[in-house]
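Colleague: Before I rely on the terms in your description, I would like to go through how each one is justified.

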Amino acid sequence: MRGERLEVREIHNLTLAELADYLDGTKQLNRAEELRLENDRRRGAWVLLERYRQRRLREQAEDARLHKMIMEEKVFWDQGIVHVAGVDEAGRGPLAGPVVAAAVILPPGTVINGLNDSKQLTPESRAGLFEIIRQTALGVGVGASPVEAIDRLNIYGALMQAMREALAALPVEPGMVLVDGFPIRGLSLAQKAIKGGDALSLSIAAASVIAKVTRDRMMIALHDRFPAYGFDRHKGYATAEHCRALNRWGPCPEHRRTFRLDFSEPAAEKRP
């Protein structure tokens with residue numbers, strides 16, 4: 001019965017359990033069906049109808065959000081530029097580990113349900129979207145600058161290097177690059193920098209998820225080498241736990257020596 005269209009008169013004869021199953025599997029009721037349920041004398045039917053309507057409102061809001069997030073890409077798709085790459089980074093602020101950048105090219109017109117700025121997502125949601133993005137995208141590229149590059153070039157220079165590497169790793173050259181924040185230095189490709197782009201462009205949001213999940217996995221691997229610091233939990237950010245470990249053990253080879261590491265008091269907790 002889930003998702004199977006019924007005749008209007010049949011809805012009235014469903015048990016509440018059957019009605020709940022039907023509404024959960026139905027994308028949209030027609031007006032006649034809604035009227036029939038509005039006139040149903042069972043309070044439980046009214047509750048289920050209201051739950052369905054609230055779900056539809058959430059779905060419509062999500063559809064509107066997603067379609068708004070491809071407007072930047074659509075400008076270039078409409079010009080015949082098929083390969084529009086979104087670029088974002090993860091790991092600019094931590095005290096340890098690499099900075100990672102990702103570039104993602106989505107097929108024109110594609111939306112991915114639930115995709116948003118990676119900072120707005122749970123680790124579980126990011127992991128699921130990571131796989132969907134890799135399966136859906138026309139191309140995914142990743143670049144990473146290790147601690148040595150961060151200390152040699154400074155964090156901004158290392159970030160620019162990682163972004164160029166991510167674009168170079170794409171299987172096809174993009175006709176336009178959308179980047180979160182500031183333009184990519186030394187890039188020969190056409191680009192547009194978008195402030196807060198990870199919440200305004202679906203391609204940039206996809207890149208933010210790829211970069212975040214990739215870097216988190218790198219930090220979990222580093223935890224196996226340096227378990228005293230808790231990299232698997234805070235991913236190198238300046239949490240109180242991390243600062244206490246630095247005070248006790250000093251920096252390890254994966255700490256950024258050009259960052260402040262001598263905390264006399266633990267920093268306030270920050271979200272990884």
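Colleague: What makes the side chain of Lys235 a partner of a backbone oxygen, and which residue supplies that oxygen?

Modeller: The backbone oxygen of Asp232 lies 2.7 Å from a polar atom of the Lys235 side chain, and a polar contact is a pair of N or O atoms within 3.5 Å, where within protein one must be able to donate a hydrogen and the other to accept it, and residues adjacent in sequence count only if both atoms are side-chain atoms. This is a predicted model, in which local features need pLDDT of at least 70 and side-chain atom pairs pLDDT 80 or more, while totals for chains, interfaces and linings use all residues. Residues are numbered from 1 along each chain as its sequence is written, and side-chain values use heavy atoms, without hydrogens or water.

Colleague: Why is Lys235 said to have no salt bridge?

Modeller: A salt bridge needs a side-chain nitrogen of Lys or Arg within 4 Å of a carboxyl oxygen of Asp or Glu, and the nearest side chain of opposite charge, Asp216, is 5.0 Å away, although Lys235 is buried (under 20% relative accessible area, 1.4 Å probe, protein chains only).

Colleague: How do you know that the span of helix 4 is close to the expected one?

Modeller: The expected span is 1.5 Å times one less than the number of residues; helix 4, with 26 residues, reaches 38 Å from its first C-alpha to its last, against 38 Å expected. Its buried residues, including Tyr52 and Arg55, pack against helix 2, helix 3 and helix 8.

Terms used:
Buried means under 20% relative accessible area, exposed over 50%, partly exposed in between (1.4 Å probe, protein chains only). Lys and Arg count as positive and Asp and Glu as negative; His and the chain ends are not counted. Helices (H or I, at least four residues) and strands (E, at least two) are DSSP runs, numbered from the N terminus. Contact means heavy atoms within 4.5 Å.
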